[in-house]
Amino acid sequence: MTSLKRQLASLHEELVTYIQLESPSTRIWDAEKTNLEDARFNELALAAARLQYETNGAFKTWLDQTGNKPSDWTHWHQIPGIPTQAFKTFDWTCLDPASREHVFYSSGTTSSQSSRHWHSAQSLHLYEASLVAWANCHRPWIHCREPGTEWLFLSPPPREVPHSSLVHMFATMASHQSEQVQSHFLGRLGKQGSWELPMQEVVNKLRALDRPTHLFATAFMWVQLLDYIKQSSNHLRLPLGSTVFETGGYKGQSRELSREAFDGLMKDALGISPECILREYGMSELSSQAYPTHQREGEEPTRPGPFVFPPWARHRILDPETGRQVAQGEIGMLQIVDLANLWSGLSVLTEDLVRENGQGFYWVGRATGSELRGCSLTSDNF
């Protein structure tokens, strides 16, 4: 093993130890008590980014061409955000080809070409450590430790979609629960590669539930199911204490709904109130996810707060024209620095427009072509 690989492996172990994956089923992350101090986060982020410069060929080439020297960086704000487009064009990874044992592809909304996020067994371990530790801080996991709880995933099972980071996330969540938790994947992969639900079978399954259940699905799968329930007059009420998980956007696969319209349809079709809906922000290019602040352990369910990342990830919101950080309350493009992305790209510039609120961010929409062209940090620089 080369000196650089040893340094990456050492930093990897340090991060895994910090995240404390060893006993996720019995220990809940206390973000307030164990939050990385800014100085420590800065130290780790700079160390990781400099190692990526030496081991990620695409990253090194880009920085050399733009004259951006990692040796000049003194703060993580100086680490440039890599546009998600780069994950479509290049193998944006520190892993050598022989170590690339698994890959996640993005579902994408604007291009037929998918992002590629390569993983080894080691990088997947870090990904799962981050996923489980932060998920264990939020509903429904913090309320599902009673025997007999059931989890239903409205997606194909992992064996049918092995390159879906979302389904891998679902399976990882399920595998880290107690033995009393039963989980089932109710979706299937269609002939054209689309995700499908056997609608009436799912409705019959939901109608037969007699205990609190947690249901997980993408926004577009939820809309298809809720529309079916409404059109077929199959309205039902899930058992008290049930929650639903919504993520992934609409991907052009269903009509889009505002949050208020979605919540109203969920209430009408399944009897689920807005405070029992858990939303998540994640993407295949990242290894960490963001959850609303109102759904942490010990807090009463309320209307959604801003999305927040775990202590080992930070965000910035940038003006598309200047690349500068916007003020609180303003809208800009979301940049994420994720320490769990140690083996790929630490700093990712998304195409999502969000509004800063001081604690976290609210998702607003996707950037348009003009906004992407206006941002000096987009893929045009490649």
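# Notebook: charged pairs, a buried aspartate and a cavity

I began with one charged pair: Glu150 and Lys205 form a salt bridge, and their closest N and O atoms are 3.1 Å apart. This pair links distant parts of the chain. Glu150 sits in strand β4 (residues 150-153). Lys205 sits in helix α8 (residues 199-207), and 55 residues separate the two. I noted that the model is a predicted one.

I then looked up how open each partner is. Glu150 is buried, with a relative accessible area of 5%. Lys205 counts as partly exposed, at 30% relative accessibility.

**Entry: the overall frame**

I stepped back to the whole protein. I found 11 helices and 16 strands. Of its 382 residues, 55% count as buried. I also looked at how far apart in sequence the contacting residues are. Among contacts with a separation of 6 or more, 69% come from residues 24 or more positions apart.

**Entry: more salt bridges**

How many salt bridges does a search of the whole structure find? I got 13. Side chains of opposite charge can pair when their charged atoms come close.

I picked out Asp38 and Arg314 next. They form a salt bridge, with the closest N and O atoms 2.9 Å apart. Asp38 belongs to helix α3 (residues 38-55) and Arg314 to strand β13 (residues 313-318), so this bridge ties together parts that are 276 residues apart in sequence. I checked the surroundings of both ends. Asp38 is exposed, at a relative accessible area of 57%. Arg314 is buried, at 14%.

Glu246 and Arg279 were my next pair. Their salt bridge has its closest N and O atoms 2.6 Å apart. Glu246 is in strand β9 (residues 243-247) and Arg279 in strand β10 (residues 277-279), so the pair ties together parts that are 33 residues apart in sequence. Are these two buried or exposed? Glu246 is buried, with a relative accessible area of 12%. Arg279 also counts as buried, at 7% relative accessibility.

I also found a network. Glu14, Arg40 and Glu43 are joined into one by salt bridges that share partners.

**Entry: a buried aspartate without a salt bridge**

I turned to Asp338, which lies in strand β14 (residues 331-338). Asp338 is buried, yet I found no salt bridge for this residue. Which side chain of opposite charge is nearest to Asp338? Arg314 is, at 10.0 Å. I had met Arg314 already, as the salt-bridge partner of Asp38.

I asked what Asp338 has around it instead. A polar atom of its side chain lies 3.0 Å from the backbone nitrogen of Ala340. A polar contact of 2.8 Å joins the side chains of Asp338 and Ser288. I then listed its contacts, setting aside neighbours within four places in sequence. They are Leu286, Ser287, Ser288, Trp312, Ala313 and Leu346.

**Entry: Ser288**

I followed that contact to its other end. Ser288 is found in the loop between β10 and β11 (291-292). Ser288 is buried, with a relative accessible area of 1%. Which other side chain does Ser288 join in a polar contact? I found Ser130, at 2.6 Å. So far I have Ser288 joined by its side chain to Ser130 and to Asp338.

I listed the contacts of Ser288 as well, again leaving out neighbours within four places in sequence. They are Ser130, Phe309, Pro310, Trp312, Ala313, Asp338 and Ala340. Trp312 and Ala313 appear here, and they appear in the list for Asp338 too.

**Entry: Gly282**

I stayed with the loop between β10 and β11, where Gly282 also lies. Gly282 is partly exposed, with a relative accessible area of 32%. I looked up its distance to Gly248. The two glycines are 34 residues apart in sequence, and their C-alpha atoms are 7.5 Å apart in space.

**Entry: the cavity**

Last, I searched for enclosed space. I found 1 cavity of 30 Å³ or more. The largest cavity holds about 50 Å³ of space. Which residues line the largest cavity? I noted Ala49, Gln52, Phe59, Ile79, Pro80, Ile82, Trp92, Ser344, Gly345, Leu346 and Ser347. Leu346 was a name I knew: this lining residue is also in contact with Asp338. Ala49 and Gln52 are in the lining as well, and helix α3 spans residues 38-55.

Key:
Residues numbered from 1 in each chain as written. Predicted model: local features only at pLDDT ≥ 70, side-chain atom pairs only at ≥ 80, totals over all residues. Heavy atoms only, no water. Salt bridge = Lys/Arg side-chain N within 4 Å of Asp/Glu carboxyl O. Helix = DSSP H or I, 4+ residues; strand = E, 2+ residues; numbered from the N terminus. Buried < 20%, exposed > 50% of the residue type's maximum accessible area, 1.4 Å probe, protein only. Lys, Arg positive; Asp, Glu negative; His and termini not counted. Polar contact = N/O pair within 3.5 Å; in protein donor to acceptor, adjacent residues only side chain to side chain. Contact = heavy atoms within 4.5 Å. 1 Å grid on protein atoms, 1.4 Å probe; cavity = no way out; pocket = protein on both sides within 12 Å on 5 of 7 lines; lining within 4 Å. Points joined across faces, edges and corners; volume = space filled by probe spheres on them.
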